[in-house]
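Colleague: I should like a close look at a single part of this model. Please take one helix and set out how it sits among its neighbours.

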Amino acid sequence: MKPLARYAALNNYVDLAHAVGLDPARMVRDAGLDLPSLSLQDRWVPASAIAELLEDSAAASGREDFGIALAELRRFSNLGPLSLVVREEPDVRSAVKVLVHYEHMYNEALRTRISENGGIATLRVGLDVGVPGDFHQSIDLAVGVLYQLLQGFLGRTWRPLSVSFTRPAPRDPAPYRRMFGTEVLFDERFDGISLYSKDLDAPNAMSDPLLRPYTQKILEEIDAHQDVTTVSRVRELIELLLPTGRCSAEQVAGSLGVDRRTVHRKLAAEGHTFASVLDSTRADLASHMVGSRRHSLTEVSELLGFSSPANFSRWFRKQFGRSPSQWRSESVEERRA
């Protein structure tokens with residue numbers, strides 16, 4: 001199946017898109033993504049869609065440094081719960097190892113590797129989004145974020161020995177030199193950062209030893225829940241595709257990089273069918289959306305991918321034993337009680 005990434009990979013995208021003269025809603029929509037869902041940072045989407053959005057944004061804005069500019073807007077907290085663990089690792093080496101080991105938690109397409117030789121450490125960043133193409137902006141973003149994290153560990157005055165990219169040199173390399181504050185090489189054999197090995201052994205400037213026992217408990221919980229099932233992937237994609245009116249087994253299979261029969265087979269192995277996952281996902285969303293009154297019932301029908309409000313009403317009554325309007329009225333009465 002195609003690798004997935006969390007919407008958190010697009011943190012600050014809207015602000016940057018506005019700043020360089022783009023229409024973020026149109027760009028996101030054209031990439032097959034959903035703009036309101038950008039606020040749902042933990043939702044999984046195809047990593048290829050994110051990579052293509054960044055490439056299209058760079059081309060449309062004329063900003064070859066779009067990925068670098070996005071990296072500059074990142075904060076340590078964008079890693080989510082993992083940031084709490086990494087921040088309290090005692091030294092830079094252990095913090096980086098945690099990042100590398102758990103990078104699949106926020107982007108399954110990323111592959112970061114550490115190698116050391118002769119006192120020099122190299123952090124190599126690889127990307128496999130499951131489709132062919134050159135995704136320079138995603139690599140730029142990943143290397144830029146990695147640099148920001150290392151600076152967080154080692155202090156704002158720290159600089160790497162060099163930063164390497166396999167991409168051709170941009171017309172204006174100044175943003176890259178300004179970002180990294182060191183030699184930036186293009187047309188190299190790998191994408192990544194070179195630094196002294198002794199930097200990896202330096203104490204983590206952010207760490208508080210008293211907090212580490214608590215963050216280790218977080219890590220244990222992460223380990224206990226890190227398996228991604230086919231059902232969970234399909235649910236995420238169903239939630240993403242329902243408002244587009246293109247939610248089908250074929251569309252989900254295409255997003256996962258497999259055929260429809262493979263999706264059915266994998267779901268059956270976990271005791272589900274596509275129809276059952278679709279219904280349960282719709283039911284969870286419907287109970288919340290109908291009860292919240294944020295959308296009209298007609299809008300809820302459209303957001304859940306029904307062809308008409310009448311079809312939605314019949315489906316809802318079958319699921320919940322009452323009409324959407326009755327459910328909404330009862331929800332209002334319960335809140336007043």
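Modeller: In this predicted model, the buried residues of helix 12 pack against strand 1 (4-6) and strand 2 (44-46), and also against helix 11 (230-241), helix 13 (260-269) and helix 14 (274-292). Helix 12 itself spans residues 249-256, and its buried positions are Ala-249, Val-252, Ala-253, Ser-255 and Leu-256. These residues lie on the same side of helix 12, because the arc they cover around the axis is only 160°. The general geometry of such an element accords with this: an α-helix has 3.6 residues a turn, so residues three or four places apart point the same way.

Among these neighbours, helix 11 may be examined in detail. The axes of helix 11 and helix 12 cross at roughly 115° and come within 10 Å. The crossing in which helix 11 passes helix 12 is right-handed. On the helix 11 side, the residues in contact are Arg-233, Val-234, Leu-237, Ile-238 and Leu-241, and they meet Gln-251, Val-252, Ser-255 and Leu-256 in helix 12. By class, this contact comprises six nonpolar residues, two polar and one charged. Val-252, Ser-255 and Leu-256 thus appear both among the buried residues of helix 12 and in its contact with helix 11.

As for the setting, the protein chain contains 17 helices and seven strands. Of its 337 residues, 48% are buried. Among contacts with a separation of 6 or more, 67% are between residues 24 or more positions apart. The chain exposes about 16,400 Å², of which carbon and sulfur atoms supply 50%.

Note on methods: Residues are numbered from 1 along each chain as its sequence is written. This is a predicted model: local features need pLDDT of at least 70, side-chain atom pairs count only at pLDDT 80 or more; totals for chains, interfaces and linings use all residues. Side-chain values use heavy atoms; hydrogens and water are left out. Helices (H or I, at least four residues) and strands (E, at least two) are DSSP runs, numbered from the N terminus. Buried means under 20% relative accessible area, exposed over 50%, partly exposed in between (1.4 Å probe, protein chains only). Contact means heavy atoms within 4.5 Å. Accessible areas come from the Shrake-Rupley method with a 1.4 Å probe; for residues, only the protein chains shown count as cover. The arc is that of the directions from the helix axis to the C-beta atoms. Axes are lines fitted to C-alpha atoms, for helices over the stretch in contact, and angles run from 0 to 180 degrees between N-to-C directions. A crossing is left-handed if the near helix is turned anticlockwise from the far one by less than a right angle, and right-handed if clockwise. Ala, Val, Leu, Ile, Met, Phe, Trp, Tyr, Cys and Pro count as nonpolar, Asp, Glu, Lys and Arg as charged, and the others, Gly among them, as polar.
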